Amino acid sequence: MSVDGEVRRVTDQADEPGWEVDPDDEWGVAVITTVGRQLKLRREAKGLRAAEFAEEVGYGEDLVYKVEGGKRIPRPEFLDRADAVLGAGGLLSAMKEDVARVRYPKKVRDLAQMEARAVELQLYDPLNIHGLLQTPEYARGLLLMRRPAYTEDEVERFIAARVARKSVFERNPVPELSFVLEEWTLRRPLGGKALLHRQLEHLLEMGRLRNVELQVMPLDREEHAGLAGGIEVLKFGDGSVVGRSSAVANGRPVTEPRQLRILELRYGIIRAQALTPRESTAFIEQLLGET
């Protein structure tokens, strides 16, 4: 019997819905351990064995043990069904917000937290359309090309994290965002022409936002200051700055003035070498017409 009166298929171990916990993510481990402990205490207080509870919520017994043991990140619907079965009055469902954040890889979560505080972002990716500008469909196409291949769970987690980071565009007050895109990333039909066509449309939509500037670095440029790798410079309301580049400090975030000066100098030259925002918009419109 299930919580909504329908017969549900009990999932087996190979098809368990949930995500693995990163053992190096101390905060994530603490959150999932707390959620698992609460589930187990409420299940035992209700007098249900793990197998009986698993049948009630419609998931495998093995998943129940893993969630209760803090080894597996439960999906939102698992918490909703557990809340109903155990009569938790919404307390288990309320944990979905913290659990959702744990789903995202720690390095992505840390980056999203910095982006959420920044008042200005300067971003250059020489290999791909920047993640903040990717549509979910285009992002999925890129992730599925990775070798060795990501699992479906990993693909889903990365996409969810990338979508969540886009809240930076919805903040009030909004930050100033500057992107420099390589022409070749706008031409190569990764994932198929249909995905690229929608991606180019999305870029034009984003470029219309008053706080967003998109610039394209053409292939025919004879000088390019960005050959050493991507650049991220995040500036905050208190005047502090954090930068990151594969060419500086092995890609670790840096705050030292000399290193930041190098990144800002390179980014400034890259912007000067690229097409202007107006020229870039016209260029993307032309590519869209060709796609």
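**Note on burial, aromatic pairs and internal space**

1. Valine 31 has a relative accessibility of 12% and therefore counts as buried, the cut-off being under 20%. The model is a predicted one. Valine 31 belongs to helix 1, which runs over residues 26-45. Leaving aside residues up to four places away in sequence, valine 31 touches Asp98, Val99 and Val102. A further relation concerns glycine 70: the C-alpha atoms of valine 31 and glycine 70 are 8.4 Å apart, with the two positions 39 residues apart along the chain.

2. Helix 4 has a set of buried residues, namely Phe78, Leu79, Arg81, Ala82, Asp83, Val85 and Leu86. Arg81 and Asp83 are thus on the buried list together with Phe78. The partners against which the buried residues of helix 4 pack are helix 1, helix 2, helix 3 (61-68) and helix 5 (96-103). Glycine 87, just after helix 4, has a positive phi of about 60°.

3. How many aromatic pairs does the model contain? The count is 3. In one of them, phenylalanine 53 and phenylalanine 78 have ring centres 6.4 Å apart and planes at 85°; because planes over 60 degrees apart count as edge-to-face, the pair is put in that class. Phenylalanine 53 sits in helix 2 (residues 50-57) and phenylalanine 78 in helix 4 (residues 76-86), so the pair ties together parts 25 residues apart in sequence. Both rings belong to buried residues: phenylalanine 53 has a relative accessible area of 1%, and phenylalanine 78 has 2%.

4. Tyrosine 150 and phenylalanine 158 make up another aromatic pair, with 5.1 Å from centre to centre and 50° between the planes, which is classed as tilted. Are the two partners buried or partly exposed? Tyrosine 150, at 24% relative accessibility, is partly exposed, whereas phenylalanine 158, at 19%, is buried. The cut-off for buried is under 20%, so these two values fall on opposite sides of it.

5. Two other ring arrangements should be noted. Phe53, Tyr59 and Phe78 form one aromatic cluster. Elsewhere, arginine 117 lies over the face of phenylalanine 236, at 4.5 Å from the ring centre.

6. On enclosed space, the structure has 2 cavities of 30 Å³ or more. The largest cavity holds about 50 Å³. Its lining is made of Leu111, Met114, Glu232, Leu234, Val242, Gly243, Arg244 and Pro253. Helix 6 (106-117), strand 6 (231-236) and strand 7 (241-244) are the elements that give two or more residues to this lining. Which of them gives the most? Strand 7 does, with 3 residues. By residue type, the lining of the largest cavity has 5 nonpolar, 1 polar and 2 charged residues.

7. The second largest cavity contains about 40 Å³ of space. Leu127, Asn128, Ile129, Tyr138, Leu142, Trp184, Thr185 and Leu190 form the lining of the second largest cavity. At least two of the lining residues come from helix 7 (136-144), and at least two from helix 9 (183-187). The division here is 6 nonpolar and 2 polar, with no charged residue.

8. The largest pocket has about 990 Å³ of space. It is lined by 28 residues, and those closest to its centre are Asp125, Arg162, Arg165, Glu232 and Arg244. Glu232 and Arg244 also appear in the lining of the largest cavity. Which elements supply at least two residues each to the lining of the largest pocket? They are helix 6, strand 3 (118-125), helix 7, helix 8 (152-165) and strand 6. Helix 8 accounts for the largest share, 4 residues. The lining of the largest pocket divides into 12 nonpolar, 9 polar and 7 charged residues.

Conventions:
Residues are numbered from 1 along each chain as its sequence is written. This is a predicted model: local features need pLDDT of at least 70, side-chain atom pairs count only at pLDDT 80 or more; totals for chains, interfaces and linings use all residues. Side-chain values use heavy atoms; hydrogens and water are left out. On a 1 Å grid over the protein atoms alone, a cavity is a set of points where a 1.4 Å probe fits but cannot get out, and a pocket is an open set with protein on both sides within 12 Å along at least five of seven lines; lining residues have an atom within 4 Å of a point. Grid points are joined across faces, edges and corners, and a volume is the space filled by probe spheres set on the points. Ala, Val, Leu, Ile, Met, Phe, Trp, Tyr, Cys and Pro count as nonpolar, Asp, Glu, Lys and Arg as charged, and the others, Gly among them, as polar. Rings of Phe, Tyr and Trp (its six-membered ring) pair if their centres lie within 6.5 Å; planes under 30 degrees apart count as stacked, over 60 as edge-to-face and the rest as tilted. Buried means under 20% relative accessible area, exposed over 50%, partly exposed in between (1.4 Å probe, protein chains only). A charge sits over a ring if NZ of Lys or CZ of Arg is within 6 Å of the ring centre and within 35 degrees of the ring normal. Contact means heavy atoms within 4.5 Å.
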